[in-house]
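Open the model in your viewer and keep the selection box handy. We will go from one element to the next, with something to look for at each stop.

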Amino acid sequence: MVSYKELGLVNTKEMFAKAVAGGYAIPAFNFNTMEQMQAIVMAAVETKSPVIMQVSKGARAYANGTILRNLAKGAVEYAKELGCENPQIVLHLDHGDSFEICKECIDNGFSSVMIDGSHLPFEENIALAKKVVDYAHQYDVTVEAELGVLAGVEDEVSAAESHYTQPEEVIEFSQRTGCDSLAISIGTSHGAYKFTPAQCTRNAEGILVPPPLAFDILHAIEEKLPGFPIVLHGSSSVPQDEVATINKFGGNLPDAIGIPEEQLREASKSAVCKINIDSDSRLAMTAAIRQHLAEHPDHFDPRQYLKPARENMKKMYIHKIVNVLGSDNKL
Ligand SMILES: [Zn+2]
């Protein structure tokens with residue numbers, strides 16, 4: 001058993017309480033590589049922001065859970081080296097799909113886990129989440145559960161269509177499971193193709209505008225559970241300048257579209273206290289690598305193209321923290 005406390009990590013309890021009270025949201029950035037970890041830590045230290053580093057099932061399959069845990073431990077030490085005396089870093093399992101995976105992560109240094117039983121019938125979702133909560137809380141590990149289904153595709157998580165969270169279910173669900181936070185479905189979506197052009201309208205410049213988030217559902221949930229931490233998945237904005245760079249330098253991402261940042265800024269001011277961003281990091285990394293290799297066809301040292309990729313991700317993370325989530329200067 002490796003406790004997250006030995007690694008210098010923290011759980012989400014205190015940071016969520018502060019974020020809900022303060023009207024901002026904590027960034028939850030997915031990571032698979034050392035460069036992503038470095039960019040996340042540099043951005044969090046520069047902006048004095050708490051941060052959640054999260055690991056999906058796909059990340060564990062790609063990079064190995066033990067290596068990722070040690071990268072998170074390294075993240076804490078690296079943050080201190082960069083001058084942050086008391087870094088607030090969470091290592092979170094994203095979309096745990098069984099009790100066993102959650103237990104394995106809790107036993108191996110994660111400070112927070114998500115159990116995603118959102119595809120199950122209500123009673124089974126409750127039973128699974130409660131089992132994970134009962135185990136996790138023995139070790140002071142926090143648990144995120146999910147009610148409602150997001151559309152989109154991300155790693156192994158996929159659904160053809162979304163089902164909005166039903167506000168009338170949230171009180172019973174949170175009370176019976178004892179979960180620490182709740183992921184809800186109000187129109188965000190996984191991946192870089194969140195909406196088809198047919199679901200969107202076009203603005204005066206011909207740019208696709210996705211359907212707005214269901215703020216009425218968010219507000220109804222807030223009324224049922226005042227102050228309870230709410231989580232938004234699938235909240236990349238799919239920056240069109242990065243998509244354009246990718247397409248300019250040999251990529252092919254037609255009609256990639258995300259959630260407008262103004263809507264996420266608005267959501268951050270509510271009980272939404274954790275916003276998940278994964279695709280935007282992938283796009284920032286890929287755009288920088290494609291551009292670098294196109295402009296320097298003689299380069300073959302990975303450090304030559306991973307350095308600008310890391311810089312571009314860091315810039316994106318800082319932008320999210322300062323201009324979208326508002327979690328800067330909250331340490
Ligand atoms: Zn998700």
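**The barrel**

Begin with the strands of this predicted model: eight of them close into a barrel in the order S1-S2-S3-S4-S5-S8-S12-S13, with parallel pairing. From one strand to the next, the twist averages 25°. As a reminder, strands of a sheet pair through backbone hydrogen bonds, either parallel or antiparallel.

**Stop 1: S1 and Ala-28**

Select Ala-28, which lies in strand S1. Is Ala-28 buried or exposed? Ala-28 counts as buried because 26 other C-beta atoms lie within 10 Å. Setting aside neighbours within four places in sequence, Ala-28 is in contact with Ile-52, Gln-54, His-92, Lys-274, Ile-275, Asn-276 and Ile-277. If you would like a distance to check, draw one from Ala-28 to Gly-74: 46 residues separate them in sequence, and their C-alpha atoms are 18 Å apart.

**Stop 2: across to S2**

Now add strand S2, residues 51-55. S1 and S2 run parallel and are joined by 3 bridges; in one of the pairings to look at, Asn-30 has Gln-54 in S2 as its bridge partner. In a regular strand the side chains alternate between the two faces of the sheet. Which residues of S2 point which way? Val-51, Met-53 and Val-55 point one way, Ile-52 and Gln-54 point the other way, and all are buried. That fits the count for S2, where 5 of 5 residues are buried.

**Stop 3: S3 to S4**

Move on to strand S3 (residues 89-96) and strand S4 (residues 112-115), a parallel pair held by 3 bridges. Find Gly-96 and look directly across: Ile-115 in S4 stands opposite.

Stay in S3 and pick Ile-89. Beyond its neighbours within four places in sequence, Ile-89 is in contact with Leu-9, Val-10, Val-51, Met-53, Ala-72, Ala-75, Val-76 and Ala-79.

**Stop 4: S5, S8 and S12**

Next, colour strand S8, residues 181-184. Ser-181 and Ala-183 point one way from S8, Leu-182 and Ile-184 point the other way, and all are buried.

S8 has a parallel partner in strand S5 (residues 142-147), with 4 bridges between them; here Leu-147 stands opposite Ile-184. S8 also runs parallel to strand S12 (residues 230-232), joined by 3 bridges, and Ala-183 has Val-231 in S12 as its bridge partner.

**Stop 5: helix H2**

Turn to the helices and select H2, residues 34-47. H2 has 14 residues and reaches 20 Å from first C-alpha to last, close to the 20 Å expected at 1.5 Å a residue. How many residues of H2 are buried? The helix is mostly covered, with 10 of its 14 residues buried, among them Met-37, Ile-40, Val-41 and Ala-44. The elements covering these buried residues include S1, S2, helix H4 (65-81), H11 and H12. Just past H2, check the backbone of Lys-48, which has a positive phi near 55°.

**Stop 6: helix H12**

Follow that contact to H12, residues 302-325, a helix of 24 residues. H12 reaches 32 Å between its first and last C-alpha atoms, close to the expected 34 Å. Buried residues of H12 include Arg-310, Met-313, Tyr-317, Ile-321 and Val-324. The buried residues of H12 pack against S1, H2, helix H10 (261-268), strand S13 (272-277) and helix H11 (279-295). Just after H12, Gly-326 takes a positive phi of about 75°.

**Stop 7: the nonpolar core**

In soluble globular proteins, nonpolar side chains tend to be buried together. Here the largest nonpolar core has 92 residues, and those with the most contacts inside it are Ile-40, Met-53, Ile-89 and Val-113. Which element gives the largest share of this core? It is H12, with 7 residues.

**Last stop: H6 against H7**

Finally, show helix H6 (residues 122-138) with helix H7 (residues 170-177): they pack at an angle of about 35°, and their axes are 8 Å apart. From H6, Ile-126, Ala-129, Lys-130 and Val-133 meet Phe-173, Arg-176 and Thr-177 of H7. Colour this contact by residue type and you will find 4 nonpolar, 1 polar and 2 charged residues.

Notes: Residues are numbered from 1 along each chain as its sequence is written. This is a predicted model: local features need pLDDT of at least 70, side-chain atom pairs count only at pLDDT 80 or more; totals for chains, interfaces and linings use all residues. Axes are lines fitted to C-alpha atoms, for helices over the stretch in contact, and angles run from 0 to 180 degrees between N-to-C directions. Helices (H or I, at least four residues) and strands (E, at least two) are DSSP runs, numbered from the N terminus. Two residues are in contact if their C-beta atoms, placed from the backbone, lie within 7 Å. Ala, Val, Leu, Ile, Met, Phe, Trp, Tyr, Cys and Pro count as nonpolar, Asp, Glu, Lys and Arg as charged, and the others, Gly among them, as polar. Two strands pair if DSSP finds at least two bridges between them. The expected span of a helix is 1.5 Å times one less than its number of residues. A residue is buried if 20 or more other C-beta atoms lie within 10 Å of its own, exposed if 12 or fewer, and partly exposed in between; C-beta atoms are placed from the backbone. A nonpolar core is a set of buried Ala, Val, Leu, Ile, Met, Phe, Trp, Tyr and Cys residues joined through C-beta atoms within 7 Å.
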